[in-house]
Amino acid sequence: EPCEAGSYCAVGAAAALPCEAGSYSSATNLTAASECTDASPGHFATTGSTQQTACAKGSYTNETRQGECTPCPGGTYQDKGGKTECKACLQGHYCAVGAA
């Protein structure tokens with residue numbers, strides 16, 4: 001019987017185990033956590049995800065295998081989703097934490 005998407009079925013396991021936070025899978029034939037796909041920079045995946053999700057505006061991640069994105073620090077912003085860095089706030093403007 002196939003395993004659930006977002007999970008892997010270890011040999012001898014009684015139940016499917018979810019892909020760890022920072023990884024995902026839409027496949028139903030995985031047998032180990034290492035077979036789950038790492039989320040790409042600019043994206044995240046929560047535990048048991050079947051796909052990665054782009055970071056929202058105002059947040060970023062510049063690493064692979066992240067379970068969440070980081071809000072842009074004060075003085076920076078990001079007006080697009082799925083990005084790996086925040087931009088410096090324009091001179092004369094105020095950018096709060098998580099500014100988009």
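A residue counts as buried here when its relative accessible area is under 20%. Ser-49, at 10%, therefore falls on the buried side. Keep that cut-off in mind for what follows, and also that this is a predicted model.

**The chain overall**

Let's start with the whole chain. The protein chain has 10 strands and 0 helices, so reading along the sequence just gives β-β-β-β-β-β-β-β-β-β, by the definition used for these runs. The C-alpha trace spans about 60 × 15 × 15 Å along its principal axes. The radius of gyration tells a matching story: the chain has 17 Å, where a compact globule of 100 residues would have a value near 13 Å.

As for packing, 30% of the 100 residues count as buried. Of the contacts with a separation of 6 or more, 32% involve residues 24 or more positions apart. The chain exposes about 5900 Å², and carbon and sulfur atoms supply 49% of that area. On the charge side there are 5 positive and 9 negative charges, and the mean positions of the two sets are 17 Å apart.

**Ser-49, Ser-25 and Leu-30**

Back to Ser-49. This residue lies in the loop between β5 (43–44) and β6 (53–54). Leaving out residues up to four places away in sequence, Ser-49 touches Gly-6, Ser-23, Tyr-24 and Ser-25.

Ser-25 is worth following from there. Ser-25 sits in the loop between β3 and β4 and is buried, with a relative accessible area of 5%. Beyond the residues up to four places away, Ser-25 touches Ala-5, Gly-6, Cys-19, Leu-30, Cys-36, Ser-49 and Thr-50. The side chain of Ser-25 also reaches the backbone nitrogen of Ala-27 at 3.0 Å.

Leu-30, on that contact list, is found in the loop between β3 (23–24) and β4 (37–38). At 9% relative accessibility, Leu-30 counts as buried. With residues up to four places away again set aside, Leu-30 touches Cys-3, Ser-7, Tyr-8, Cys-9, Cys-19, Ser-25, Glu-35 and Cys-36.

**Ser-59 and Cys-86**

Now for a strand residue: Ser-59 is in strand β7 (residues 59–60). Ser-59 has 10% relative accessibility and therefore counts as buried. The side chain of Ser-59 reaches the backbone oxygen of Ala-56 at 2.8 Å. Neighbours within four places aside, Ser-59 is in contact with Cys-69, Thr-70, Pro-71, Cys-72, Gln-78 and Lys-83.

Cys-86 makes a good companion here. Its place is in the loop between β9 (76–77) and β10 (87–88). Not counting residues up to four places away, Cys-86 touches Tyr-60, Cys-72, Pro-73, Thr-76, Tyr-77 and Gln-78. So what do the two contact lists share? By the contact definition used, Cys-72 and Gln-78 appear for both Ser-59 and Cys-86.

**Thr-84 and Arg-65**

Is Thr-84 buried, exposed or partly exposed? Thr-84 is partly exposed, with a relative accessible area of 37%. Like Cys-86, this residue is found in the loop between β9 and β10. Among residues beyond four places in sequence, Thr-84 is in contact with Pro-41, Gly-42, Tyr-60, Thr-61 and Asn-62.

Arg-65 is found in the loop between β7 and β8 (70–71). Arg-65 is partly exposed too, with a relative accessible area of 31%. What might catch your eye is the backbone: Arg-65 has a positive phi of about 60° although it is not a glycine.

**Sequence separation against distance**

Here are four residue pairs, with C-alpha to C-alpha distances.

| Pair | Apart in sequence | Apart in space |
|---|---|---|
| Ser-25 and Tyr-8 | 17 residues | 8.7 Å |
| Cys-86 and Ser-59 | 27 residues | 7.4 Å |
| Leu-30 and Asp-79 | 49 residues | 37 Å |
| Thr-84 and Ala-16 | 68 residues | 32 Å |

The Cys-86 and Ser-59 pair spans 27 residues in sequence, yet the C-alpha atoms are 7.4 Å apart. For Leu-30 and Asp-79, 49 residues along the chain go with a separation of 37 Å. You can set that value beside the spans of the C-alpha trace, about 60 × 15 × 15 Å along the principal axes.

Key
Residues are numbered from 1 along each chain as its sequence is written. This is a predicted model: local features need pLDDT of at least 70, side-chain atom pairs count only at pLDDT 80 or more; totals for chains, interfaces and linings use all residues. Side-chain values use heavy atoms; hydrogens and water are left out. Helices (H or I, at least four residues) and strands (E, at least two) are DSSP runs, numbered from the N terminus. Buried means under 20% relative accessible area, exposed over 50%, partly exposed in between (1.4 Å probe, protein chains only). A polar contact is a pair of N or O atoms within 3.5 Å; within protein, one must be able to donate a hydrogen and the other to accept it, and residues adjacent in sequence count only if both atoms are side-chain atoms. Contact means heavy atoms within 4.5 Å. The radius of gyration is taken over C-alpha atoms; the globule rule is 2.2 Å times the number of residues to the power 0.38. Accessible areas come from the Shrake-Rupley method with a 1.4 Å probe; for residues, only the protein chains shown count as cover. Lys and Arg count as positive and Asp and Glu as negative; His and the chain ends are not counted. The place of a charge is taken as NZ of Lys, CZ of Arg, CG of Asp or CD of Glu.
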